[in-house]
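Visitor: I'd like to learn how to read pockets in a protein. Could you show me the structure?

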Amino acid sequence: MKSRTVLFFFLILSLSSYGQTGIPVPEMSHCDNQISSFLTQFDIPSATVAISKDGKLVYMRGFGHADAGGQEATQPYHMFRIASVSKPITAIAIMNMIEDNELSLSDTVFGPNGIFANNTYFSNATVMDDRIFDITVQHLLEHSGGWDRNISCIPNPPSPYPWNFNSCDPIVFPLHVTEVLGESNPVSKQALVRFLMEKGVNFDPGTQYQYSNIGYLTLGLIIEELTGMSYETYVKSKILDPIGSFDMYNAKNLRKDKREREGEYVGNGFTNLDIFGNGTLVPWEYGGMSVAAMDAHGGWIASARDLTRLLVAVDGFGTKADILTSSSIQTMTTASAVNNNYSFGWQVNSADNWWHTGAIDGTASIWARTSGGYTWAIILNKRVIDANSTAFWTGLDGLPWSCVTQTSSFPSHDLFDFPNENASDLSFKSAGDFSTTVSWTNGNGDGRILIVQEDSAVSEFPLDGTDYTADAEFGMGDDLGDGQYVAFVGAGNSVTVTGLDSAKTYHFRLFEYNKNTTTGDHILYQLAHSAIDSATTQTSTSIADLEEMGIRFYPNPAQEWLQVETPSLSLINQLELRNMHGQLVKRMSIQALHSKLFLSDLPPQIYGISFFKDGRFVGSGRLMKR
């Protein structure tokens with residue numbers, strides 16, 4: 001009995017180290033426990049998980065810590081590399097181009113009649129194997145282009161490169177590729193493709209299935225060749241942005257270049273010569289491989305939520321509109337003639353389930369659509385490659401299945417219901433010595449939240465499911481962390497922020513949100529493309545400017561009263577006094593050319609005095625009350 005108690009105690013401790021974030025789902029609390037237990041078992045620092053049922057996002061949670069130092073809690077809004085889950089994204093983009101009549105599955109890729117016929121770089125390649133010219137778009141989609149990465153294409157590996165040349169996937173030896181082709185570092189994706197073009201193929205295209213990263217890299221280059229856009233720009237503008245999957249981007253190579261809200265990656269301790277050719281050994285996950293050159297086959301980062309949103313948009317169900325026709329979806333997900341478990345960028349089975357996994361150092365991911373109407377995405381910031389790897393992948397695949405099968409009733413909310421248009425056009429107008437009026441153009445959310453910080457850019461984010469208390473006086477609203485205060489929450493399009501120092505710079509950031517019956521009355525914030533700007537709160541009109549207009553106030557310093565003079569009531573008809581915190585303490589109408597304001601009820605300090613005409617700010621200054 002004692003041993004069981006101790007075991008239970010340590011289990012609770014291990015689970016608590018994987019604190020969950022995001023909106024709790026009581027009906028699915030067992031999923032939290034199962035995921036935490038899995039992460040503990042395999043020593044995975046971080047995970048983001050999203051699960052949808054019948055087109056609705058019912059579960060969206062973060063686990064562990066997003067940074068390698070273990071200081072930043074993983075939130076559902078964090079993005080991570082997804083590795084080869086990028087391949088079905090590329091397949092979706094290719095099918096979209098086919099629907100737009102920009103190419104066909106039978107189009108050849110290389111050679112005088114191919115898609116790259118006018119591409120000087122590929123036309124100048126030294127092709128020794130004419131079968132290269134037989135490769136079609138369909139061959140690349142189904143991994144039957146002719147390249148077998150398991151067969152070494154470097155019979156006499158050069159020294160002292162520490163990598164393994166027993167295979168032929170040029171993404172693992174980028175320095176060798178640039179050396180052979182005489183090109184600069186880091187390697188380009190075009191160079192990786194040309195390297196294999198010049199090596200030739202290992203079998204007749206279309207006759208075998210052999211998984212090929214370079215095949216999918218070529219598909220990305222086809223998109224660029226035919227559209228004139230970068231691969232990322234095409235996918236974002238044509239596929240992702242229209243459905244609101246904004247939190248998806250092509251990855252960068254180094255930690256210092258990571259995106260805002262991108263997590264960090266924990267490798268397995270392996271190093272490689274850096275891709276920049278400096279001769280230094282670096283971690284594979286940061287500079288040992290060129291993730292930026294993997295775009296179409298393994299280079300995306302994503303939040304689990306937006307990855308799942310994309311899958312719902314091509315799932316073939318009627319719950320939400322698909323972005324591809326049913327015919328295109330069927331073609332894309334039908335097993336190929338060379339592999340009855342793989343289609344165009346998807347692993348498939350006879351149960352009509354589609355999925356893909358991804359793995360590179362610092363990343364493991366799985367993306368799935370089931371015939372029962374579920375879709376899910378799980379992204380981890382570490383993978384297992386030792387003797388436990390089989391158990392790891394089996395367990396990762398089983399997690400969402402176990403979660404949904406053990407859920408007896410699902411919530412009715414849809415956590416996909418984020419605004420897809422954020423507020424924009426932040427503008428600032430001084431409203432006195434201690435105040436500024438912030439205005440904006442509303443997005444399409446139910447409301448918006450304004451965050452203000454002194455001296456540095458706003459870097460904290462509101463959390464889904466959390467309602468915040470706002471206060472227009474700087475420093476009095478809820479603090480998101482490090483002095484980043486909530487100044488406004490609501491449906492309006494302006495607020496006058498008070499309590500500011502005219503000698504300092506303030507930074508403002510505005511986020512749209514939805515909160516309604518569809519969201520289950522949970523507040524959901526749109527963090528991508530948030531309206532962001534900064535402004536100094538210097539007054540636009542000084543005391544000297546007021547005097548030039550003939551507006552005077554005296555004595556200054558004052559004690560019991562203040563005299564205000566104006567040459568015309570067409571210049572001013574109201575004044576305000578605010579204390580050093582920007583709080584309004586006096587407001588009076590000016591109805592005569594000479595007006596007297598009594599100050600006996602105000603404590604001694606410095607006040608800001610502002611003049612207005614019909615609500616329009618005219619000018620301001622400072623008043624000392626003795």
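Visitor: How do the residues lining the second largest pocket divide into nonpolar, polar and charged?

Guide: Six are nonpolar, three polar and seven charged. Here Ala, Val, Leu, Ile, Met, Phe, Trp, Tyr, Cys and Pro count as nonpolar, Asp, Glu, Lys and Arg as charged, and the others, Gly among them, as polar. Keep in mind that this is a predicted model: local features need pLDDT of at least 70, side-chain atom pairs count only at pLDDT 80 or more, and totals for chains, interfaces and linings use all residues. Numbering runs from 1 along each chain as its sequence is written, and side-chain values use heavy atoms, with hydrogens and water left out.

Visitor: How is a pocket found, and which residues lie nearest the centre of this one?

Guide: Rolling a probe the size of a water molecule over the atoms shows where empty space is left. On a 1 Å grid over the protein atoms alone, a pocket is an open set of points where a 1.4 Å probe fits, with protein on both sides within 12 Å along at least five of seven lines; lining residues have an atom within 4 Å of a point. In this pocket, E72, Y77, S459, E460 and F461 lie nearest the centre.

Visitor: And what lines the largest pocket?

Guide: That one has 30 lining residues, with R149, I171, V172, A359 and R383 nearest its centre. By class, 14 are nonpolar, 11 polar and five charged.

Visitor: Which strand gives the largest share of that lining?

Guide: Strand 10, with four residues. Strands are DSSP runs of E, at least two residues, numbered from the N terminus.
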